[in-house]
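Biologist: I'd like to go through this model with you. Please put it on screen, and I'll ask as we go.

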Amino acid sequence: LQSAGSRGEQARQLLIDLETRGKQAFPVFLSILRDTGQGDLADMLIEECESPPALPHPVDLRPVELDLHREKRDRKTSPRTASSGIVFWCLTVPCACQVYELKSDPCGHCLILNNVHFSQDSHLSTRDGSDVDCKKLEKRFKALRFHVLTQRDLKARDMVRELQKLAQQDHRTLDCCVVVILSHGCQTSHIQFPGGVYGTDGKPVPIEQIVNYFNGSNCPSLRGKPKLFFIQACGGDQRDRGFVVDCPSPEDEAPAGSLASDATPFRSTPANTDEPDAVACLPTPSDILVSYSTFPGYVSWREASSGSWYVETLDNVLEQYAHSEDLLSMLLHVSRVVSAKGRYKQIPGCFNFLRKKFFFMCK
């Protein structure tokens, strides 16, 4: 364990060792804690884990001072190294009901729609660098135990057909579903999810329409299961020059990205409408997360050699943290890194309707 690096890495390695050494590893670990005068830590672990023998993947690390001489520990004081005690890292294990379970292999389907070349009458330019994005994400989601299907250069109606085909499949033996769309984008009127993506014929498909193919009403075999959407597309034609802050960002030149806009005024839902009484069921948009490469209405930047800022950063973050961090934490990493790039600015964001924490299963 000492060779694992920092105390946080040592704690993570300890958890991995416990997971791979059979069902009795955790009870034996608790027994050792009690025998060495660390009963408080054993009690803490039991309280925070419904099933002590089975450790789920998510791990939160927080420092806790342990007294090896059974002296009363003041949990409000900061952890410190002293002659009467040592600093341990407590492994706080969320109960299973707070985390989506991914047990199947593959854990789900991943559909990637990659539009690169557009018809002349669409007036949309070739998306140089999109194939770089596509190859990265194909490799990444295969490593995350997804069955990956890629479709390239589809008209709007063909995009809809592929999405409907995926939604109509039987997902009962699977635990998750992922949709990735790489295309030009635009603003559209919406009620739920903003934005749209273009087919190669220049016709837009609203994100709202795409997501709703997979909701609880239209895709019963994915009810209660996470449905993740990653959208690399412009949200409009506005270029964000950002604002001055005390901590300077890198002054990289913005690449010559392809911009597309089809902005339509926002249309709100009718007011003063009565809703039926609630019944015991899940809301229709439950278990959905839509990750956008940029804020609605703004440009999303892409480079011919390295691909889009968003996908390049998402791939790097998944590579570094997918084994240890939940999806929302990783998307915060993505937003922070992308927002620091370029003379023109961009910040990814998401619409999150997940009910639990989501952790990928890494090979």
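Biologist: Where does His-184 lie?
Modeller: Helices (H or I, at least four residues) and strands (E, at least two) are DSSP runs, numbered from the N terminus. His-184 sits outside them, in the loop between β5 (176-182) and β6 (185-186).

Biologist: What kind of model is this?
Modeller: Residues are numbered from 1 along each chain as its sequence is written, and side-chain values use heavy atoms, with hydrogens and water left out. Local features need pLDDT of at least 70, side-chain atom pairs count only at pLDDT 80 or more, and totals for chains, interfaces and linings use all residues, for this is a predicted model.

Biologist: Which residues does UniProt list for "active site"?
Modeller: The entry is unreviewed. Its positions are given in the numbering used here, with feature names shortened, and annotations may be inferred rather than shown by experiment. For "active site", the record lists His-184 and Cys-234.

Biologist: Is His-184 buried or exposed?
Modeller: Buried means under 20% relative accessible area, exposed over 50%, partly exposed in between (1.4 Å probe, protein chains only). The relative accessible area of His-184 is 1%, so His-184 is buried.

Biologist: Which backbone oxygen does the His-184 side chain reach?
Modeller: This is a polar contact: a pair of N or O atoms within 3.5 Å; within protein, one must be able to donate a hydrogen and the other to accept it, and residues adjacent in sequence count only if both atoms are side-chain atoms. At 2.8 Å, the His-184 side chain reaches the backbone oxygen of Ser-125.

Biologist: What is the strand order in the open sheet of six strands?
Modeller: Two strands pair if DSSP finds at least two bridges between them. Pairing in this sheet is mixed. The edge strands, each paired on one side only, are β4 (146-152) and β13 (349-353). The full order is β4-β3-β5-β9-β10-β13.

Biologist: How many bridges join β3 and β5?
Modeller: Strand β3 covers residues 108-114 and pairs with β5 in the parallel sense. His-109 stands opposite Cys-177 in β5, and Ile-112 has Val-180 as its bridge partner. The bridges between β3 and β5 number seven.

Biologist: Which residue in β9 stands opposite Leu-182?
Modeller: β5 pairs with β9 in the parallel sense over six bridges. Leu-182 stands opposite Gln-232.

Biologist: How many of the residues in β5 are buried?
Modeller: Both faces are covered. One side has Cys-176, Val-178, Val-180 and Leu-182; the other has Cys-177, Val-179 and Ile-181. The buried count in β5 is seven of seven.

Biologist: Which residues is Val-179 in contact with?
Modeller: Val-179 lies in β5 and is buried, with a relative accessible area of 1%. Contact means heavy atoms within 4.5 Å. Leaving aside neighbours within four places in sequence, Val-179 is in contact with Leu-111, Leu-163, Leu-166, Phe-214, Leu-228, Phe-229 and Phe-230.

Biologist: What angle does helix α5 make with β3?
Modeller: Axes are lines fitted to C-alpha atoms, for helices over the stretch in contact, and angles run from 0 to 180 degrees between N-to-C directions. Helix α5 (residues 156-167) lies across β3, β4 and β5. Its angle to β3 is about 180 degrees.

Biologist: Which side chain makes a polar contact with Asp-158?
Modeller: Asp-158 is found in helix α5 and is buried, at 16% relative accessible area. The contact is 2.6 Å, and the partner side chain is that of Arg-161.

Biologist: Which residues does Ser-306 touch?
Modeller: Ser-306 lies in the loop between β11 (302-303) and β12 (307-308). Its relative accessible area is 18%, so Ser-306 is buried. Not counting residues up to four places away in sequence, it touches Val-132, Asp-133, Lys-136 and Glu-312.

Biologist: Which strands stand at the edges of the open sheet of three strands?
Modeller: The order is β6-β7-β8, with antiparallel pairing. An edge strand has a single partner, so one side is left without a neighbour in the sheet; here the edge strands are β6 and β8 (204-206).
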